[in-house]
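This briefing introduces a protein structure to a reader who has not met it before. Please look over the sequence and the structure before turning to the points below.

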Amino acid sequence: MSALLDISRLDAGKLEPENRPVLLGELMSQLELAFEPMARAKGLELRVVPTRALVHSDPRLLRRVLQNLLSNAIK
């Protein structure tokens with residue numbers, strides 16, 4: 001629900017994305033720690049490939065999108 005609110009705020013110009021460097025490996029490692037127990041409970045194996053890739057994005061919004069994708073994939 002909060003992702004939809006953020007999208008609505010972005011569309012309305014009330015939320016300005018913060019474009020800065022984000023280390024994908026660091027972000028994915030954090031998400032792996034958070035989602036691995038949920039995946040294991042469903043009989044799935046969550047694996048993250050180590051990377052030193054850097055992207056320019058809003059870290060909060062990028063994290064939210066990846067959390068949504070992981071959550072939906074595990075469900």
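The notes that follow cover the overall layout, the second helix, the nonpolar core and the salt bridges.

The structure is a predicted model. The protein contains 3 helices and 2 strands, and these follow the pattern α-β-α-β-α along the sequence. Of its 75 residues, 24% are buried.

**Overall layout**

- Among the contacts in the protein with a separation of 6 or more, 84% join residues 24 or more positions apart.
- The accessible surface of the protein amounts to about 5,700 Å².
- Carbon and sulfur atoms account for 56% of that accessible surface.

**Helix 2**

- Helix 2 covers residues 24-41 and has 18 residues.
- From its first C-alpha to its last, helix 2 reaches 25 Å, which is close to the 26 Å expected at 1.5 Å a residue.
- Helix 2 has a kink of about 45° at F35. The proline P37 comes shortly after this kink.
- The buried residues in helix 2 are G25, L27, L31, F35 and A39.
- Strand 1 (20-23) and helix 3 are the elements against which the buried residues of helix 2 pack.
- After helix 2 comes G43, which has a positive phi near 80°.

**The nonpolar core**

- The largest nonpolar core is made up of 10 residues: V22, L27, L31, F35, A39, L46, L62, L66, L70 and I74.
- At least two residues of this core come from helix 2, and at least two from helix 3 (59-74).
- F35 therefore appears in two roles, as a member of the largest nonpolar core and as the site of the kink in helix 2, and it is counted as buried because its relative accessible area is under 20%.
- V22, another member of this core, touches L27, A53, L54, V55, S57, P59 and L62, when residues up to four places away in sequence are not counted.
- Two of the residues touched by V22, L27 and L62, are themselves listed in the core.

**Salt bridges**

- The protein has 3 salt bridges. Side chains of opposite charge can pair when their charged atoms come close.
- E18 and R20 meet through their side chains in a salt bridge, with N and O 2.9 Å apart. E18 is partly exposed at 45% relative accessibility, and R20 is partly exposed at 40%.
- R40 and E36 form a salt bridge whose closest N and O atoms are 2.5 Å apart.
- Why can R40 and E36 be described as about one helical turn apart? They are separated by about one helical turn because they lie 4 residues apart in helix 2. In general, an α-helix has 3.6 residues a turn, so residues three or four places apart point the same way.
- Within this pair, R40 is exposed, with a relative accessible area of 52%, whereas E36 is partly exposed at 24%.
- E45 and R47 also meet in a salt bridge through their side chains, at 3.6 Å from N to O. This N to O distance counts as a salt bridge because it falls within 4 Å.
- Both partners of the E45 and R47 bridge are exposed: E45 has a relative accessible area of 63%, and R47 has a relative accessibility of 66%.

How values were computed. Residues numbered from 1 in each chain as written. Predicted model: local features only at pLDDT ≥ 70, side-chain atom pairs only at ≥ 80, totals over all residues. Heavy atoms only, no water. Buried < 20%, exposed > 50% of the residue type's maximum accessible area, 1.4 Å probe, protein only. Core = buried A, V, L, I, M, F, W, Y, C linked by side-chain atoms within 4.5 Å. Contact = heavy atoms within 4.5 Å. Expected span 1.5 Å × (residues − 1). Bend = angle between axes of the 7 residues up to and from the residue. Areas by Shrake-Rupley, 256 points an atom, 1.4 Å probe, with all protein chains shown as cover.
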